[in-house]
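Q: I'd like to learn how to read the pockets, cavities and DNA contacts of a model like this one. Can we go through it together?

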Amino acid sequence: MPELPEVETILRGLVPYILWAKVDQSIIRCKKLRWPIPEDLNSCIAGQTILELSRRGKYMLFRLETGTLIIHLGMSGRLCFLNNDEPAKKHDHVDIILTQNGMLRYTDPRRFGAILWTTENPAIHPLLSALGVEPLSEDFTAEYLLRCTSNRRMAIKPLIMAGKIVVGVGNIYAAEALFLSGINPSLPANLLTYTQGEKLVAMIQQVLEFSITQGGTTLKDFVNSDGLPGYFAQKLNVYGRGGLPCVVCTKALTTCMLGQRSTVFCAHCQPEYYP
DNA sequence: ATGCGGACCTGTTAGC
DNA sequence: TGCTAACAGGTCCGCA
């Protein structure tokens, strides 16, 4: 499941292959994704040069001449640069064939992803307009976080995952950052102290940045689609380790559900708040 | 406005 | 062994 570091890694890897390339045509094999792929996708993008690749949260933005392709990988989506003669497999939804050699192939078995087209500034697109700040930007500070959490009673973990305050913090990185910050995932957000907020901001940035660094090392492999996601290379302290010993205190890690998400934490290192 | 639960979808794993 | 059921994941939507 691609999180922000994976999306960033994929984007960086694609730049040398597709920036300034021209779209010859696109082929839709299966338009069913989270929203249907626009029927007229081909007429929207054919013949246009890819002018810019960027990212907003986990949304990839391919700016063409008359509009922008918005691509989300959901949880099982992949975007690979392949030779034109690569045979299509079961869950290959779309090919974007370039006039030079090669094509971009979108694959998504679980269909949680999206491919959309907008002729407007993507920043005002309904999917992007309400997103929180980029976690690795200078806008993401303890002051900002505290301003956002001060009147919210919701648990801190689902709140930082919701994407309204900060984007790109999925279940894995939320759990890891909270562990490294010593903050209980259930802590009501309004009780977050400034010191905790500082720590949390720093740890979110640390785990994401480290993961991007790791992703970079497998960059050349991803083109063949067998590159390991960054978080596999990353040492995970809590995610997926419920019941196993805490790497710090050796007590068994606790698993709970929070906002319908499995959540692992150390009850000793991330003590609960008692009112 | 806030916050919660439901929906989407299917490959993988656990349990019978 | 073969089947079924639960689970995982990100994000939007609708209802209280």
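A: Sure, and let's begin with residue classes: Ala, Val, Leu, Ile, Met, Phe, Trp, Tyr, Cys and Pro count as nonpolar, Asp, Glu, Lys and Arg as charged, and the others, Gly among them, as polar. With those classes, the lining of the largest pocket has 22 nonpolar, 10 polar and 6 charged residues. Before going on: this is a predicted model, where local features need pLDDT of at least 70, side-chain atom pairs count only at pLDDT 80 or more, and totals for chains, interfaces and linings use all residues. Residues are numbered from 1 along each chain as its sequence is written, chains are lettered from A and ligands numbered from 1 in the order in which they are written, and side-chain values use heavy atoms, with hydrogens and water left out.

Q: What is the mean pLDDT of chain A, and which elements have the lowest and highest values?

A: pLDDT is the predictor's confidence in each residue, from 0 to 100. Chain A has a mean of 88, and 91% of its residues reach 70 or more. Among its elements (DSSP runs numbered from the N terminus: helices are H or I, at least four residues, and strands are E, at least two), strand β1 (residues 23-28) has the highest mean, 96, and helix α8 (residues 219-222) the lowest, 42. Over residues 216-228 the pLDDT is below 50, and this stretch has 18 contacts (heavy atoms within 4.5 Å) beyond near neighbours in sequence.

Q: Which residues line the largest pocket nearest its centre?

A: Rolling a probe the size of a water molecule over the atoms shows where empty space is left. On a 1 Å grid over the protein atoms alone, a cavity is a set of points where a 1.4 Å probe fits but cannot get out; a pocket is an open set with protein on both sides within 12 Å along at least five of seven lines, and lining residues have an atom within 4 Å of a point. Here 38 residues line the largest pocket, with Lys58, His72, Met161, Gly170 and Arg261 nearest its centre. Two or more lining residues come from each of α3 (126-129), α5 (156-161), α6 (171-181) and β10 (261-265), and α5 gives the largest share, 4 residues. The pocket holds about 1,200 Å³ of space, where a volume is the space filled by probe spheres set on grid points joined across faces, edges and corners.

Q: What lines the largest cavity?

A: Ile71, Leu79, Val94, Ile96, Leu104, Tyr106 and Ile115 do. That makes 7 nonpolar, no polar and no charged residues. Strands β6 (92-98) and β7 (103-107) each give two or more of them. The volume of this cavity is about 30 Å³.

Q: Now the DNA. Which residues are around strand B?

A: A residue is near a strand if one of its heavy atoms lies within 4 Å of it. For DNA strand B, they include Lys32, Lys90, His91, Arg111 and Arg152. By class, this surface has 3 nonpolar, 2 polar and 6 charged residues. A polar contact is a pair of N or O atoms within 3.5 Å; within protein, one must be able to donate a hydrogen and the other to accept it, and residues adjacent in sequence count only if both atoms are side-chain atoms. Phosphate oxygens of strand B lie 2.4 Å from a side-chain N or O atom of Arg152, 2.6 Å from one of His91 and 3.1 Å from one of Arg111.

Q: And which residues come nearest to DNA strand C?

A: Arg34, Tyr59, Met75, Tyr239 and Arg261, out of 16 around it. A polar side-chain atom of Tyr59 lies 2.6 Å from a phosphate oxygen of strand C.
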